[in-house]
Amino acid sequence: MSEFLHLIDLNDYNVSWWNTLLRLAHEIRTSPEEYSKACEGKIMGTLFYEPSTRTQMSFQTAMLRLGGTIIGFDNPATSSVAKGENLKDTTKIVSGYADIMVMRHPVEGSVKAAALTAECPVINAGDGGHLHPTQTLTDLFTLIEEKGRLEGLTIGCCGDLKNGRTVHSLIKAMSCYKDNKFILVSTEELAVPAYIKDMLSAAGVEYKEARSLDDVIGELDVLYMTRIQQERFASEEEYKKQKGAYILDKAKMKKAKSDMTVLHPLPRVDEIAIEVDDDERAKYFEQAKYGMYIRMALILTVLKNNGKPPKLIKGREHKNVECSNPACITHRELYLPHYFEGNSDILTCEYCDKRTLI
Ligand code: NCD
């Protein structure tokens, strides 16, 4: 198994590693010219099996601003994937050409699956409805630069908390900083998955669930809005039932604290009215730009490969156990070993984090 500094899940690293990255991103932001040749001669491969604007382009500009070059695809239909090539073969080949590989894929656990056999460090740019660690690094960097702290915040997450991978990664990360509280605003159908709530309870982090944004907006220091993730619904009808459930507008902003920060990973559909853009508390466009600096810091750190990489697999193979999550990569790429953590009758899938009773 490969020994690279992959970034699959931010929680594979500790808070001091994240903080070092945040400090480096700040340094790069203040003196970008000092880093303009830092990755000369290095190549980044970007494999985007799913649409992306910000994540893909911020990674690409990050590498170009560090003096490196880029290869890759953003439409698997124009690569050998269209001929039926499996994930392992495509990613093994590209990781042999590139020095660092950034990958987004619609299936949960797919990026970890690629990292198992990759020949260079792999970065998760979003794996289905599961995780999106570099968006979270972007969010942390935005908060530290705009609010000056990552502790003692009441954070509201609103929208599609079931399928929104950005909120899953954000909650996991922010619960590692002291005295943060969460207010999770969603419809019953789009509530945050059980494994995230269990993680919050186990860590002793205060949280509550709410159905109305109006009722709780006044309590928040940060409001993290997300779109309803249409592409993850089983049918158009199911999506239509949820569409437009939460819309942040001027009237709601009047009830919020004068220093509440509004974030959104973007793209927005209709969940933030355009009229909110002019409110000085709206920071989502700045957030997208902060994403480029933190990705520059991440590329530099991963390519340096200082320190011991975290283990990709912490548990072991259970040949006869199937993951209970139908959206898990193990149900698509059938050659993958079935790795699980845990020893009792509840096993946690190493790819998608969902639990399976045996
Ligand atoms: C997010 C994503 O892809 O998960 N976008 C992004 O990376 N900035 C959020 C979304 O698509 O809703």
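In this predicted model, helix 2 (residues 54-65) packs against helix 11 (residues 284-304) at an angle of about 55 degrees, and the two axes sit 8 Å apart. That angle makes the pair oblique, since it falls in neither the parallel, the antiparallel nor the perpendicular range. The crossing of helix 2 over helix 11 is right-handed. On the helix 2 side, the contact draws on Arg54, Thr55, Ser58, Phe59, Thr61, Ala62, Met63 and Arg65, and these meet Ala288, Gly291, Met292, Arg295, Met296, Leu298, Ile299 and Leu303 of helix 11. Sorted by class, that comes to nine nonpolar, four polar and three charged residues.

Next comes the parallel sheet. Five strands line up in the order 7-6-5-8-9 to give an open sheet with parallel pairing. Strand 7 (207-210) and strand 9 are the edges, each with a pairing partner on one side only. From one strand to the next, the twist averages 20 degrees. Strand 5 (residues 154-158) is joined to strand 6 (residues 181-185) by five bridges, with the two running parallel; here Ile155 has Phe182 of strand 6 as its bridge partner. Helix 5 packs on this sheet, where it touches strand 8 and strand 9, and its direction makes about 150 degrees with that of strand 8.

Strand 8 (residues 222-225) deserves its own look. Strand 5 pairs with strand 8 in the parallel sense over four bridges, and Cys158 stands opposite Met225 of strand 8. Strand 8 is also joined to strand 9 (residues 261-263), again in parallel, by three bridges, with Tyr224 partnered by Leu263 in strand 9. As for the side chains, are the two faces of strand 8 covered or open? Both are covered: Val222 and Tyr224 are buried on one side, and Leu223 and Met225 are buried on the other.

Helix 5 (residues 133-147) also has a helical neighbor. Helix 1 (residues 15-30) packs against helix 5 at an angle of about 65 degrees, with 10 Å between the axes. The pair is therefore roughly perpendicular, and helix 1 passes helix 5 in a right-handed crossing. Trp18, Leu21, Leu22, Ala25, His26 and Arg29 make the contact from helix 1, while Leu137, Leu140, Phe141 and Glu145 make it from helix 5. Broken down by class, the contact has seven nonpolar residues, one polar residue and two charged ones.

Helix 4 (residues 110-117) is mostly covered, with seven of its eight residues buried. Which residues of helix 4 are the buried ones? They are Ser110, Val111, Lys112, Ala113, Ala114, Ala115 and Leu116, so even a lysine counts as buried here, the cut-off being under 20% relative accessible area. These buried residues pack against helix 3 (87-97), strand 3 (100-105), strand 4 (122-127) and strand 11.

Ser110 belongs to helix 4. Its relative accessible area is 0%, which means that Ser110 is buried. Leaving aside residues up to four places away in sequence, Ser110 touches Leu87, Met103, His105, Asp127 and Ile329.

Helix 3 meets helix 4 at an angle of about 60 degrees, and their axes are 9 Å apart. Helix 3 and helix 4 are therefore oblique to each other, with helix 3 passing helix 4 in a right-handed crossing. Leu87, Lys88, Thr91 and Lys92 are the helix 3 residues in this contact, and they meet Ser110, Ala113, Ala114 and Thr117 of helix 4. The class breakdown is three nonpolar, three polar and two charged residues.

Strand 11, one of the elements packed against helix 4, also takes part in a second sheet. This one is open, with four strands in the order 10-11-12-13 and antiparallel pairing. Its edge strands are strand 10 (316-317) and strand 13 (355-357), each pairing on one side only. Within the sheet, strand 11 (residues 339-341) runs antiparallel to strand 12 (residues 346-349), and two bridges join them. Phe340 has Cys349 of strand 12 as its bridge partner.

Key:
Residues are numbered from 1 along each chain as its sequence is written. This is a predicted model: local features need pLDDT of at least 70, side-chain atom pairs count only at pLDDT 80 or more; totals for chains, interfaces and linings use all residues. Side-chain values use heavy atoms; hydrogens and water are left out. Axes are lines fitted to C-alpha atoms, for helices over the stretch in contact, and angles run from 0 to 180 degrees between N-to-C directions. Angles under 35 degrees count as roughly parallel, over 145 as roughly antiparallel, 65 to 115 as roughly perpendicular and the rest as oblique. A crossing is left-handed if the near helix is turned anticlockwise from the far one by less than a right angle, and right-handed if clockwise. Contact means heavy atoms within 4.5 Å. Ala, Val, Leu, Ile, Met, Phe, Trp, Tyr, Cys and Pro count as nonpolar, Asp, Glu, Lys and Arg as charged, and the others, Gly among them, as polar. Two strands pair if DSSP finds at least two bridges between them. Buried means under 20% relative accessible area, exposed over 50%, partly exposed in between (1.4 Å probe, protein chains only).
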